[in-house]
Amino acid sequence: MSTQVSSGMQLGTVGVDEVLGEVGNAKRPQRRSIDTRRPSSRRVLTRTLLNIAALVVFVASVFPVYYMVNLSFTPNSKIISRNPTLFPFDFTFGNYVSAWSREAAPGQTDFSHALGSTLTVTAGVLVVTLLFAFLASVALARFAFTGRRLFIVAVLVVQMIPGEAMMFTIYGMIDDWRLMNTLLGLGIVYVATVVPFTIWTLRGFVAGVPADLEEAAMIDGCTKSQAFWRVTFPLLAPGLVATGIFAFIQAWNEFTMALLFLKGYNLTLMPWLNAFQSSSVGGAVNWGAVMAGSTMIAIPVVIFFLIVQGRMTGGLVSGAVKG
C-alpha cells in the first residue's frame with residue numbers, strides 16, 4: 001500500500017496514459033528538457049529583427065498614402081510652409097470641394113464627369129476581358145486543337161511587348177476607325193492590353209481543376225454543360241476574381257493611352273489629375289486640392305478591394321467544400 005501511495009505521489013499530475021502501457025504495465029514518464037520548451041536566444045533575436053524589418057517596410061509603404069490624405073485636409077498655405085506637419089491641425093474640407101467642383105483646365109471636364117468616364121471604361125473592360133479570357137482559357141485547358149501550342153506562345157509574346165512600343169501603331173488604327181476621343185476606342189485598347197495576361201492566368205486555374213469532377217457529375221446524370229457550370233465554374237470563381245482585380249487596376253490606373261486618345265470633356269481620372277495639377281490658380285499649384293483629388297481617386301479602388309477580398313475568400317472556401 002505504501003508503495004502505491006508513494007508512486008502516486010511521485011507521479012503527481014502525470015496522465016494515466018503516460019504511466020500505463022497498453023496492458024497496464026508501469027511506464028516511466030519522460031521529461032522534456034528545458035531547452036526544447038524554451039526558444040533559444042538566437043531564435044528570439046532573429047524573430048525580433050524580422051518583426052522590426054517588417055514594421056519598417058510597412059511604415060515605408062503606408063506613410064506616402066497617409067501623407068497624401070494628411071495634405072488633402074491641410075490648407076494650401078500650410079502645405080507650402082517650411083515647417084510641414086504630420087497632422088492636419090488646421091482641418092479643412094475646402095480642398096475636396098475645390099477638387100470636385102473645379103474644372104481641370106478651361107474647356108476640360110471636372111472630377112465628377114471624369115469619374116463617370118473612368119467607371120464606364122473600367123466596367124466595360126472588366127466584363128469584356130473576363131468573358132473573352134474565360135472562353136479562351138477553357139478552350140486552351142480542356143480541348144486539343146490544331147495550333148494550340150502556337151496560340152499559347154503568341155499570348156506570351158504579346159504579353160511581353162510594352163504598350164508604349166506600339167503607341168503610334170495603335171494611334172493610327174484608332175484614328176482610322178474614327179474612335180479618337182471616345183471611351184469606346186480607349187476601352188478597345190485596354191481590352192487588347194489586358195486580355196493576354198488574363199488568358200494566361202485563367203488557363204492555370206482551369207487546368208488546376210480536375211476533369212474527373214465533370215465526369216463524375218455526368219455519371220450522376222448531369223449533361224456536359226450542366227457538369228461544367230455546376231461543378232467546375234464555382235471552383236473557378238477565385239481565379240475570375242483574381243484576374244478581374246488585375247483588369248480593374250489596369251483600366252483604372254492607366255495614364256499614357258488615356259492621355260494620348262482623350263481630351264477636353266472626355267478625360268478619365270488620370271489625365272484629369274494631370275491637367276488639374278498643371279493648371280494653376282493665382283500662379284501657384286493648389287497642392288491641397290491635388291492631394292484631395294488623388295485621395296478621391298484611390299477611394300473606389302480601396303472599396304473594390306474590400307468587397308472583392310471577402311468574395312474571393314468565400315469562393316476559395318466554397319470551392320474547397322464542393323470539391
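A crossing is left-handed if the near helix is turned anticlockwise from the far one by less than a right angle, and right-handed if clockwise. The exercises below use that rule.

This is a predicted model, in which local features need pLDDT of at least 70, side-chain atom pairs count only at pLDDT 80 or more, and totals for chains, interfaces and linings use all residues. Residues are numbered from 1 along each chain as its sequence is written, and side-chain values use heavy atoms, with hydrogens and water left out.

**Exercise 1. Describe the chain as a whole.**

Step 1. Count the elements. The protein chain has 15 helices and zero strands. Both are DSSP runs numbered from the N terminus: helices are H or I with at least four residues, strands are E with at least two.

Step 2. Check burial. Of the 323 residues in the protein chain, 31% are buried. Buried means under 20% relative accessible area, exposed over 50%, and partly exposed in between (1.4 Å probe, protein chains only).

Step 3. Look at contact range. A contact means heavy atoms within 4.5 Å. Among contacts in the protein chain with a separation of 6 or more, 70% join residues 24 or more positions apart.

**Exercise 2. Work out how helix 8 packs on helix 10.**

Step 1. Take the geometry. Two packed helices are described by the angle between their axes and the distance between the axes. Helix 8 (residues 148-160) and helix 10 pack at about 130°, with axes 8 Å apart. Axes are lines fitted to C-alpha atoms, for helices over the stretch in contact, and angles run from 0 to 180 degrees between N-to-C directions.

Step 2. Classify the angle. Under 35 degrees counts as roughly parallel, over 145 as roughly antiparallel, 65 to 115 as roughly perpendicular and the rest as oblique. Helix 8 and helix 10 are therefore oblique to each other.

Step 3. Give the hand. Helix 8 passes helix 10 in a left-handed crossing.

Step 4. Name the residues. Helix 8 brings Arg 148, Ile 152, Val 155, Leu 156, Val 158 and Gln 159; helix 10 meets them with Pro 196, Phe 197, Trp 200 and Arg 203. The contact of helix 8 with helix 10 has seven nonpolar residues, one polar and two charged. Ala, Val, Leu, Ile, Met, Phe, Trp, Tyr, Cys and Pro count as nonpolar, Asp, Glu, Lys and Arg as charged, and the others, Gly among them, as polar.

**Exercise 3. Do the same for helix 10 and helix 12.**

Step 1. The axes of helix 10 and helix 12 come within 10 Å and cross at roughly 160°. That makes helix 10 roughly antiparallel to helix 12.

Step 2. Helix 10 passes helix 12 in a right-handed crossing.

Step 3. The residues in contact include Tyr 190, Val 194 and Phe 197 of helix 10 and Leu 236, Phe 246 and Ala 251 of helix 12. The contact of helix 10 with helix 12 has 12 nonpolar, five polar and no charged residues.

**Exercise 4. Place Tyr 190 in the nonpolar core.**

Step 1. Define the core. A nonpolar core is a set of buried Ala, Val, Leu, Ile, Met, Phe, Trp, Tyr and Cys residues joined through side-chain atoms within 4.5 Å.

Step 2. Find the hubs. The largest core has 29 residues, and Phe 134, Leu 186, Tyr 190, Met 257 and Phe 261 have the most contacts inside it.

Step 3. Find the suppliers. Helix 7 (111-142), helix 9, helix 10, helix 12 and helix 13 (256-261) each give at least two residues to this core. Helix 10 gives the largest share, eight residues.

Step 4. List the partners. Beyond its neighbours within four places in sequence, Tyr 190 contacts Val 121, Val 125, Ala 251, Glu 254, Met 257 and Ala 258.

Step 5. Note the other core. A second, separate core of 24 residues includes Ala 114, Leu 115, Trp 272 and Met 296.

**Exercise 5. Compare two loop residues with positive phi.**

Step 1. Arg 178 lies in the loop between helix 9 (167-176) and helix 10 (183-208). Its phi is near 60°, positive in a residue other than glycine.

Step 2. Asn 181 lies in the loop between helix 9 and helix 10. Asn 181 has a positive phi of about 60° although it is not a glycine.

Step 3. Read the accessibility. Arg 178 is exposed, at a relative accessible area of 74%. Asn 181 is partly exposed, at 24%.
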